[in-house]
Amino acid sequence: GNHTQPRLILLGITDTPWAQAPLFYLFLLIYMITLVGNMGLMVLVWVTPSLHTPMYFFLTHLSLADVCYSTVISPKMLTDLLSGNKTISWAGCMTQFHLFALFVTAECHLLAAMAYDRHVAICHPLSYVTAVSPRACWQLVAWSYLVASLSALIYTGCTFGGSFCGPRRVDHFFCDASPVLRLACSDTRGSEVAIFALAVANGLGTSLVILLSYGRVLHTVLGMRSAPSRARAFRTCASHLVSVSLFYGTLFFMYLQPASRHGSRDKVASVFYTVVSPMLNPFIYSLRNKEVKAALGKCRRRM
């Protein structure tokens, strides 16, 4: 495109001077918890043989995606809040958006793979070892990253491929599709339709897999005669369902609505799924999980 502006200005979360220091410390704390929680969960799974199962294999990749896309967003946001220098180069803006789109899309497909794993474990336990073999797990993860990489290329091309000759102020705290497209002086309707269609394919496609998987799980669990078995099955799926609800709720609000409806509420929703959700996932998957608690207890005793 015809990029006449060499640098862009991110307007950030707020332009109120007195609010920037408290927000900096708040988001710094959240980011540190995100890194420690997700990386700690990954290390715990790697060093604990009892957690070398498909569910925790997918969980380590989910934690990796959380760390990556949180790191793509948070350090730049913290720097802007602390220094007040909110400029970003055109290449930096494009790179930030591309990596963010890649890891968020990968997380959608990883959540779908985790739902499939729970479906097979509860509905078809006798064939679980063969249906969710180590090779099948690697294939599902590879598929997640492959689809995410291709989608991110299309998202980035649609967002940054036009001509930009207008103001260089991005009304957001990171380079996202909608605020960047507002700077274009060429017709962006085709790009908006392509981005929306791809978001529908990735978001609704993976959410449909999750809904179908848990529909079958619910049908199977309700048919169990043993109350302890039903409770154990619900506990197995509860953490994943909470994580899915938090992630997809804000993601659908952001990307499955027409461009004309985007507004100031987008920043609040974006903070939730780019900053808060990656922090919460390790707690969601560990606080109510007896296997993770037992592994943590063993690690503490060894230390």
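Colleague: Exposed means over 50% relative accessible area, and buried means under 20%. By that cut-off, is Leu153 buried or exposed?

Modeller: This is a predicted model, so everything I say is computed from it. Leu153 has a relative accessible area of 53%, which is over 50%, so Leu153 is exposed. Leu153 is found in helix α5, residues 134-160.

Colleague: Which residues make a nonpolar surface patch with Leu153?

Modeller: Trp143, Leu146 and Leu150. Together with Leu153 they make a nonpolar surface patch of about 440 Å².

Colleague: Change of topic, cysteines. How many disulfides does the count come to?

Modeller: The count comes to one disulfide. Cys93 is joined to Cys175, with the sulfurs 2.0 Å apart. The link is left-handed, at -125° about the S-S bond.

Colleague: What does the pair of Cys93 and Cys175 tie together?

Modeller: Cys93 lies in helix α3 (residues 90-123), while Cys175 is in the loop between β3 (169-170) and α6 (177-181), so the disulfide ties together parts that are 82 residues apart in sequence.

Colleague: Buried or exposed, for Cys93 and Cys175?

Modeller: Cys93 is buried, at 0% relative accessibility. Cys175 is buried too, at 0%.

Colleague: Why no bond for Cys68?

Modeller: Because the closest cysteine sulfur, in Cys108, is 15 Å from that of Cys68, and this is too far for a bond. The cut-off for a disulfide is 2.5 Å between the sulfur atoms. Cys68 counts as partly exposed, at 21% relative accessibility.

Colleague: And which cysteine sulfur is closest to that of Cys158?

Modeller: The one in Cys93, at 15 Å, which is also too far for a bond. Cys158 is buried, with a relative accessible area of 17%.

Colleague: On to strands. Which side chains of β1 point to which face?

Modeller: The side chains of β1 (residues 7-10) alternate. Leu8 and Leu10 point to one face and are buried, whereas Arg7 and Ile9 point to the other and are not buried.

Colleague: In what sense do β1 and β2 pair?

Modeller: Antiparallel, over three bridges, with β2 covering residues 87-89. Leu8 stands opposite Ile88 there.

Colleague: How many bridges join β1 to β3?

Modeller: Two, and those strands run parallel. Ile9 has Arg169 of β3 as its bridge partner.

Colleague: Aromatics now. How many aromatic pairs are there in the whole structure?

Modeller: A search finds eleven aromatic pairs. Among them is the pair of Phe57 and Phe58, with the ring centres 5.8 Å apart and 65° between the planes.

Colleague: Why does the pair of Phe57 and Phe58 count as edge-to-face?

Modeller: Because the angle between the planes is 65°, and over 60 degrees counts as edge-to-face. As for burial, Phe57 counts as buried at 18% relative accessibility, and Phe58 counts as buried at 0%.

Colleague: Which residues do ring pairs link into a cluster?

Modeller: Tyr69, Phe100, Phe173, Phe174 and Tyr273.

Colleague: Last one, Leu208. Where does Leu208 lie?

Modeller: Leu208 lies in helix α7, residues 189-222. Leu208 counts as partly exposed, at 47% relative accessibility.

Colleague: What separates the C-alpha atoms of Leu208 and Ala112?

Modeller: A distance of 8.6 Å, for two residues that are 96 residues apart along the chain.

Conventions:
Residues numbered from 1 in each chain as written. Predicted model: local features only at pLDDT ≥ 70, side-chain atom pairs only at ≥ 80, totals over all residues. Heavy atoms only, no water. Phe/Tyr/Trp six-rings, centres within 6.5 Å; stacked < 30°, edge-to-face > 60°. Buried < 20%, exposed > 50% of the residue type's maximum accessible area, 1.4 Å probe, protein only. Patch = residues over 30% accessible without salt bridge, like charges linked within 9 Å, V, L, I, M, F, W, Y side chains within 5 Å. Areas by Shrake-Rupley, 256 points an atom, 1.4 Å probe, with all protein chains shown as cover. Salt bridge = Lys/Arg side-chain N within 4 Å of Asp/Glu carboxyl O. Helix = DSSP H or I, 4+ residues; strand = E, 2+ residues; numbered from the N terminus. Pairing = 2+ DSSP bridges.
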